Amino acid sequence: MSASPSQPIQHSAGALRPAWVPIRSLAVRHRSLIVAHLLALSDNDRYLRFGYAASDEQVRRYVDGIDFGRDEVVGIFDEALELVAMAHLAYIAGHDGGAPMAEFGVSVSTRARGRGWGSRLFDRAVLHARNWGAEMMIIHALTENTPMLRIARKAGARIEREGGEAQALLRLPAEDAKSRMDALVAQQAGEFDYQVKLQALRVQQWWRMMLPRASATN
């Protein structure tokens, strides 16, 4: 799985990042939302995300191949519950009983960029990878994908370049009580935020349905 983001995220020392971003775990039932999100990316964004000019069919095959029971997939939803950013952390089993590794990929919709969400998804992925017991996170990216490489470099990854491709290797600290608690809190907070948005959306839909009826009776 190629793992390069398509969003121009700012990571300079003066960049402002929100204190908290509601990131929700995704499951099998969200496949259609993931497909819709990825198909909405421009041709260039798909090229940066997958490392090649992925066709619609290739995007669908990629989503169909996600193993939600093994990997970690998370996303950010807007107020209309449209998936506007997502990250896929693929689990890679270690050889001969060695520690596993993890591979990271992320994408952010055009209208949701400039908010540092790619970085937040990266931080969340690092947390999950640590709690898997992974010692290394791998990010494959095209050398022209400077935003992704900037994220990885800022996190302390070693960047290896070969031709038009690059590989970032980030060595991870071991899991601990704090990383496990942080992951649990983040998951619960993301779910709570989603449910609040869902209830608000249902109320809006109810009002839209009731207003014509109220007008008709007047």
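Visitor: Let's start with leucine 81: is it buried or exposed?
Guide: Keep in mind that this is a predicted model. The relative accessible area of leucine 81 comes out at 12%. The cut-off for a buried residue is under 20%, so leucine 81 is buried.

Visitor: What is the phi of leucine 81?
Guide: Leucine 81 is in the loop between strand E2 (72-77) and E3. Most residues other than glycine have a negative phi. Leucine 81 isn't a glycine, yet its phi is positive, near 60°.

Visitor: Zooming out, in what order do the elements of the protein run from the N terminus?
Guide: There are six helices and seven strands to place. Buried residues account for 45% of the 218 residues. From the N terminus on, the order is β-α-α-α-β-β-β-α-β-α-β-β-α.

Visitor: Among contacts between residues at least 6 apart in sequence, what percentage joins residues at least 24 apart?
Guide: Alanine 125 and valine 73 give one case of a big gap along the chain: they are 52 residues apart, and their C-alpha atoms are separated by 8.8 Å. For the contacts themselves, counting starts at residues at least 6 apart in sequence. Of those contacts, the share joining residues at least 24 apart is 68%.

Visitor: How do the axes of H4 and H5 sit relative to each other?
Guide: Two packed helices are described by the angle between their axes and the distance between the axes. For helix H4 (residues 117-132) and helix H5 (residues 146-154), the axes come within 11 Å and cross at roughly 45°. The crossing is also right-handed. An angle of 35 to 65 degrees falls outside the parallel and perpendicular ranges, so H4 and H5 are oblique.

Visitor: How many charged residues are in the contact of H4 with H5?
Guide: On the H4 side you'll find Gly118, Ser119 and Phe122, and they meet Met148, Ile151 and Ala152 in H5. By class, this contact has four nonpolar residues and two polar ones, while the number of charged residues is none: no charged residues.

Visitor: Which elements cover the buried residues of H5?
Guide: The buried residues in H5 are Pro147, Met148, Leu149, Ile151 and Ala152. After H5 comes glycine 156, with a positive phi near 100°. The cover over the buried residues of H5 includes E4, H4, strand E5 (136-142), strand E6 (158-162) and strand E7 (165-171).

Visitor: And which elements cover the buried residues of H2?
Guide: In H2 the buried residues are Asp45, Arg46, Leu48, Arg49 and Phe50. H2 is followed by glycine 51, whose phi is positive, near 85°. The cover over the buried residues of H2 includes helix H1 (31-39), H3, strand E3 (83-92), E4 and E5.

Visitor: Phe50 makes me curious about rings: is its pair with tyrosine 62 stacked or edge-to-face?
Guide: A search of the whole structure turns up four aromatic pairs. In this one, the ring centres of phenylalanine 50 and tyrosine 62 are 5.2 Å apart, with their planes at 80°. Phenylalanine 50 is in helix H2 (residues 43-50) and tyrosine 62 in helix H3 (residues 56-64), twelve residues apart. Planes over 60 degrees apart make the cut, so the pair is edge-to-face.

Visitor: Which residues do ring pairs link into a cluster?
Guide: Phenylalanine 50 and tyrosine 62 are paired, and each of them is buried. The cluster linked by ring pairs is Phe50, Tyr52 and Tyr62.

Visitor: What is the angle between the planes of phenylalanine 104 and phenylalanine 122?
Guide: Phenylalanine 104 is in strand E4 (residues 101-108) and phenylalanine 122 in helix H4, 18 residues apart. Both are buried. Their rings form an edge-to-face pair, 5.2 Å centre to centre, and the angle between the planes is 90°.

Visitor: Beyond its sequence neighbours, which residues is alanine 125 in contact with?
Guide: Alanine 125 lies in helix H4. At 5% relative accessibility, it counts as buried. Setting aside neighbours within four places in sequence, its contacts are Leu89, Phe104 and Met137.

Visitor: How far apart in space are alanine 134 and isoleucine 92?
Guide: Alanine 134 is in the loop between H4 and E5, and at 4% relative accessibility it counts as buried. Its contacts beyond four places in sequence include Pro100 and Leu172. Isoleucine 92 is 42 residues from alanine 134 in sequence, and C-alpha to C-alpha the two are apart by 8.7 Å.

Notes
Residues numbered from 1 in each chain as written. Predicted model: local features only at pLDDT ≥ 70, side-chain atom pairs only at ≥ 80, totals over all residues. Heavy atoms only, no water. Axes fitted to C-alpha atoms, helices over the stretch in contact; angles between N-to-C directions. Helix = DSSP H or I, 4+ residues; strand = E, 2+ residues; numbered from the N terminus. Parallel < 35°, antiparallel > 145°, perpendicular 65-115°, else oblique. Left-handed = near helix turned anticlockwise from the far one by under 90°. Contact = heavy atoms within 4.5 Å. Nonpolar A, V, L, I, M, F, W, Y, C, P; charged D, E, K, R; others polar. Phe/Tyr/Trp six-rings, centres within 6.5 Å; stacked < 30°, edge-to-face > 60°. Buried < 20%, exposed > 50% of the residue type's maximum accessible area, 1.4 Å probe, protein only.
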